[in-house]
Amino acid sequence: MQMNTPPRSTIRLTRRGRAALIATGAVVAAAAVAVPLLLSVGSDEGGAERPTSLVVPEGRRAVQVYEAVDKALGLPAGSTKKSLAKARLSLPAEAQGNPEGYLFPATYPLAKKTTPESLLTFMVETAHKKFNGGQVTAGAQRNAMNVYQAVTIASIVQAEAATTADMGKVARVVFNRLERGMPLQMDSTLNYALNRSTLDTSVADTKIDSPYNSYRRMGLPPTPIANPGEDAMRAASNPPPGDWLYFVTVKPGDTRFTASYEEHLRNVAEFNQRRGGQPSSASTGPSAASPSPTSG
């Protein structure tokens, strides 16, 4: 399984298939999107409302989970992140103490004695139960990778796939690109590096110096880029056969996967036409690779 290697330039792809051709030097900016986690609310003995559970949706980043835990437990901002050292989470050696990818999406009960450490530990233990053994481990071995790499791919699939039905094909695009020595070129990895969520990527973005810049760096990013759910993990563990290298969501419900660069360019042109003719850069990854800037 190919991992990180020195930068190499080639064709690029785009995030969630929102790929498009970029006019030379053209930049399409988009504001960051904050996605809150969900709190279930109950009442304590005094009648005051307080959260009784915390819902962590699929695809949220660790920083978003930390913020949600702080809010749920009524703690000062930054408390949960600071508690990582005390939590002593049981993480893979490759994670180097970073729980990204292992804060498993689920509903977690909140009691009066719940602490950031206990809540994070619960999330990581849940992830281990879901990831270790069975289909995930077998799939990782079959694909010549370890579980941590499978979680990393699943996190990209979670970020890039427009629908659950597309997740398997997106995962196959990732594998096909890795096997061919092509850069993943995913906007989702750039967004992670820049701590934002956006549908458009500029040419300047693709040149940033970051191990998460999958336009310039070969192989997988050094860590997962979010916390994937079970559907994304299944897709990463057992993607369907196919020769796809590119994909683009031309319109809602119409994501087109292809192994042909020329066909991909036609799909991207249709996307741009529907978009109003405004060129936009897309990232690679399980999207579709376009020309110089590309789509994915």
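Mentor: Start with two helices in this predicted model: α7 and α9 are oblique to each other (angles under 35 degrees count as roughly parallel, over 145 as roughly antiparallel, 65 to 115 as roughly perpendicular and the rest as oblique). Residues are numbered from 1 along each chain as its sequence is written. The model is predicted, with local features needing pLDDT of at least 70, side-chain atom pairs counting only at pLDDT 80 or more, and totals for chains, interfaces and linings using all residues; side-chain values use heavy atoms, without hydrogens and water.

Trainee: At what angle do the axes of α7 and α9 cross?

Mentor: Two packed helices are described by the angle between their axes and the distance between the axes. Here α7 (residues 167-179) and α9 (residues 230-237) cross at roughly 45 degrees, and their axes come within 8 Å. Helices (H or I, at least four residues) and strands (E, at least two) are DSSP runs, numbered from the N terminus. Axes are lines fitted to C-alpha atoms, for helices over the stretch in contact, and angles run from 0 to 180 degrees between N-to-C directions.

Trainee: Which residues of α7 and α9 meet?

Mentor: Met167, Gly168, Ala171 and Phe175 of α7 meet Asp231, Ala232, Ala235 and Ala236 of α9, where contact means heavy atoms within 4.5 Å.

Trainee: What are the angle and the axis distance for α1 and α4?

Mentor: Helix α1 (residues 62-73) packs on α4 at about 135 degrees, with the axes 11 Å apart. This pair is therefore oblique too. On the α1 side, Val65, Tyr66, Val69 and Leu73 make the contact; on the α4 side, Pro116, Leu119, Leu120 and Met123 do.

Trainee: Which residues of α4 are buried?

Mentor: Buried means under 20% relative accessible area, exposed over 50%, partly exposed in between (1.4 Å probe, protein chains only). In α4, the buried residues include Pro116, Leu119, Leu120 and Met123, and these four also appear in the contact with α1. Glycine 133, with a positive phi near 95 degrees, follows α4.

Trainee: How many bridges join β4 to β5?

Mentor: In a regular strand the side chains alternate between the two faces of the sheet. Strands β4 and β5 (residues 254-258) run antiparallel and are joined by five bridges; two strands pair if DSSP finds at least two. One bridge matches lysine 251 with aspartate 254 of β5. The two strands form a hairpin with two residues between them, and glycine 253 in the turn has a positive phi of about 85 degrees.

Trainee: Are β4 and β5 mostly covered or exposed?

Mentor: In β4 (residues 246-251), five of the six residues are buried. In β5, four of the five are buried, so β5 is largely enclosed by the rest of the structure.
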